[in-house]
2 protein chains.
Amino acid sequence: MKPKIKDVAKLAGVSPTTVSRVLNNRGYLSVDVREKVAKAMKELNYIPNDLARSLYTQRTNLIGFIFPTTANPFYGELIFHMENASFERGYRVLLCNSSSQPEKEEQYVEMLLRNQVDGIISGAHNLGIKAYQHSLPIVAIDRYLSETIPVVSSDNYQGGRLASELLIEKKCKRILHINGTREMASPANKRRDAYEDVMKEHKMEALTYEIPVMGNAEEIISRLLDEQPDVDGIFASDDKIAARVIAEARKRGIKVPENLKVVGYDGTSFVRDIFPDLTTIQQPISDIAEKAVELLVEEIEGIFDPGSQKEFVFPVQLLEGTST
Amino acid sequence: MKPKIKDVAKLAGVSPTTVSRVLNNRGYLSVDVREKVAKAMKELNYIPNDLARSLYTQRTNLIGFIFPTTANPFYGELIFHMENASFERGYRVLLCNSSSQPEKEEQYVEMLLRNQVDGIISGAHNLGIKAYQHSLPIVAIDRYLSETIPVVSSDNYQGGRLASELLIEKKCKRILHINGTREMASPANKRRDAYEDVMKEHKMEALTYEIPVMGNAEEIISRLLDEQPDVDGIFASDDKIAARVIAEARKRGIKVPENLKVVGYDGTSFVRDIFPDLTTIQQPISDIAEKAVELLVEEIEGIFDPGSQKEFVFPVQLLEGTST
DNA sequence: TTGTAGGCGTTATCAA
DNA sequence: TTGATAACGCCTACAA
């Protein structure tokens with residue numbers, strides 16, 4: 001069996017309390033005892049049981065992440081940075097990929113609560129008021145979850161403007177937008193708002209092709225190119241869609257950027273690596289990740305009051321490739 | 001405070017034991033009591049504390065994942081599928097991204113042990129015998145960790161052959177390979193072995209450019225193209241490198257595939273989406289994920305004996321794009 | 001069919 | 001400076 005504090009105590013010839021003290025470096029301890037205990041721990045290869053500890057302390061140092069999917073590098077990178085930031089602060093991460101079963105998001109929340117997580121960071125969609133009711137520290141990324149849940153995001157409106165204005169500068173006459181549906185209360189909708197505002201300012205018609213959550217992007221892109229033969233500029237709401245637009249355009253002999261200019265969104269380092277030609281709006285993923293973890297941990301530790309500030313917005317950056 | 005079993009019991013007018021029974025559906029229970037308890041739980045919004053339960057049962061239903069980084073879609077997709085498979089089997093996932101601090105991998109293992117995980121799935125590099133010593137169920141993906149730890153992987157040798165032979169079929173005369181260094185005991189080395197075997201069989205010179213773990217791929221690719229003006233075929237050990245080769249070649253005015261043919265490796269769905277033109281060897285990621293979880297869970301539950309079979313290899317598939 | 005009591009491994013209070 | 005004891009929330013013999 002795994003050694004426990006009692007075993008260490010017996011071997012060191014002290015009481016369990018004393019062992020616990022050296023473990024947590026609390027109270028007065030003679031050097032002698034310290035050494036004896038340390039030796040016994042090493043000898044037994046003792047590893048403390050955090051379950052038992054957490055049961056008593058009422059703190060697990062566990063954070064739950066609820067995100068659509070690590071398979072998408074945007075979330076993958078976000079999660080990578082958040083996990084690092086959490087680890088640095090002494091927190092571990094319980095991972096939930098919600099996208100394969102969006103309706104199970106509530107199950108995930110309950111599971112996290114059963115596991116006594118100290119807080120949750122969510123970038124998923126449907127997480128309603130339910131989770132908040134449990135009065136657990138929560139931070140959202142790019143999603144409005146409720147009145148009192150702070151949201152960390154990039155400056156989506158600014159990003160939408162940058163992308164749209166770039167296409168105008170580049171003399172595009174017919175600029176279209178591709179985005180998800182408006183259903184979810186996401187700050188990402190502001191990308192579309194910005195696009196529409198910019199179009200209006202330039203007296204151009206705004207038209208957005210929507211891709212439903214479970215929709216077939218391929219098909220919608222095809223349809224767009226069929227229906228809009230005079231399109232010469234496309235602002236896609238993420239890099240994956242932008243890349244597909246370019247692939248489909250090439251297939252049809254439409255030259256990018258000569259005949260069609262395309263701007264994406266996200267600018268993950270993976271896509272930058274693999275597709276450096278793509279013009280895109282880069283989100284400061286590591287800043288967002290760092291901030292979200294910082295907020296959550298401060299909320300958990302009672303330093304940050306979630307009522308004090310609701311939104312944390314980070315600037316984006318336009319990265320010009322050769323697709324515009 | 002959070003309601004506990006005692007509170008539920010009081011409200012339902014029964015003993016805590018009875019509540020525990022309906023919770024676990026154990027022993028004999030009258031319908032009447034069942035309903036009363038259920039009602040009380042709902043009323044109090046009771047959520048069981050898995051910590052306490054685990055402390056007693058000595059099982060957490062927690063699995064630790066140790067992988068380089070979710071930022072790489074190959075791992076991102078693998079982890080996505082593994083998390084789903086785990087969830088379906090009633091297990092939750094503690095996530096560790098080891099790549100930012102490779103030397104901390106042992107810390108991660110210890111952390112997982114403190115958290116009393118039931119098992120570990122690892123695709124990281126340095127995890128030595130140490131972890132095995134703790135006699136915890138472990139499954140490795142694409143890494144040899146120790147004699148008794150089962151390895152799940154795709155058929156790397158076959159993949160290496162497919163890639164190399166394709167380039168030969170396509171009449172390439174000077175075929176190079178790009179891969180990581182040989183240091184780690186990884187089945188991925190077999191991709192290189194296969195390349196070398198195929199070259200030998202065709203009496204061609206084999207030459208591999210190595211990219212160290214922390215190395216600059218960009219630079220090495222540049223050097224390769226500088227030093228090897230007559231190269232007309234490259235087999236890259238992953239899609240990211242393949243894509244970079246293509247980007248660099250284009251920059252130099254080398255036409256792909258006319259003057260240079262490139263084959264990648266991995267074939268993640270993300271890269272397929274964003275770069276469908278790339279010829280690649282696709283790993284059956286979801287099969288690997290599913291198998292790894294299945295093995296681990298069976299080992300945890302005492303069904304699978306890790307001594308019985310050591311390797312689980314899944315076939316790969318050649319996907320031809322226009323880069324060859 | 002239901003309740004009592006003790007224990008899972010740790011920590012903190014209090015006394016020595 | 002150290003040790004006995006109770007408690008964290010739950011589960012299961014055993015008793016009723």
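How do the residues of the surface near DNA strand D divide into nonpolar, polar and charged?

1. In this predicted model, the residues of the surface near DNA strand D divide into 11 nonpolar, 9 polar and 5 charged. Of the 25 residues around the strand, those that come nearest are Thr18(A), Arg21(A), Val33(A), Lys4(B) and Tyr46(B), and sugar and phosphate make up 65% of the atoms of DNA strand D that come within 4 Å of the protein.

2. Phosphate oxygens of DNA strand D are approached by backbone N or O atoms of Ser15(A) at 3.0 Å, of Ile5(B) at 2.7 Å and of Asn49(B) at 3.2 Å. The elements that give two or more residues to the surface near this strand are helices H2 (16-24) and H4 (50-57) of chain A, together with helices H2 (16-24) and H4 (50-57) of chain B; the largest share, 4 residues, comes from H2(B).

3. Chain B also holds an open sheet of 6 strands with mixed pairing, in the order E7-E6-E8-E9-E10-E12. Strands E7 (208-211) and E12 (317-319) of chain B stand at its edges with a single partner strand each, so one side of each has no neighbour in the sheet. On average, and with direction ignored, neighbouring strands of this sheet are turned by 20° against each other.

4. Within the sheet, strands E6 (175-180) and E8 (233-236) of chain B pair in the parallel sense over 4 bridges, and Ile175(B) has Gly233(B) as its bridge partner in E8(B). Helix H9 (189-201) of chain B lies across E6, E7, E8 and E9 (261-266) of chain B, running at about 165° to E6(B), while helix H10 (217-227) of chain B packs on the sheet, touching E6, E7 and E8 of chain B, with its direction at about 160° to that of E7(B).

Methods: Residues are numbered from 1 along each chain as its sequence is written. Chains are lettered from A and ligands numbered from 1 in the order in which they are written. This is a predicted model: local features need pLDDT of at least 70, side-chain atom pairs count only at pLDDT 80 or more; totals for chains, interfaces and linings use all residues. Side-chain values use heavy atoms; hydrogens and water are left out. A residue is near a molecule or strand if one of its heavy atoms lies within 4 Å of it. A polar contact is a pair of N or O atoms within 3.5 Å; within protein, one must be able to donate a hydrogen and the other to accept it, and residues adjacent in sequence count only if both atoms are side-chain atoms. Ala, Val, Leu, Ile, Met, Phe, Trp, Tyr, Cys and Pro count as nonpolar, Asp, Glu, Lys and Arg as charged, and the others, Gly among them, as polar. Two strands pair if DSSP finds at least two bridges between them. Axes are lines fitted to C-alpha atoms, for helices over the stretch in contact, and angles run from 0 to 180 degrees between N-to-C directions. Contact means heavy atoms within 4.5 Å.
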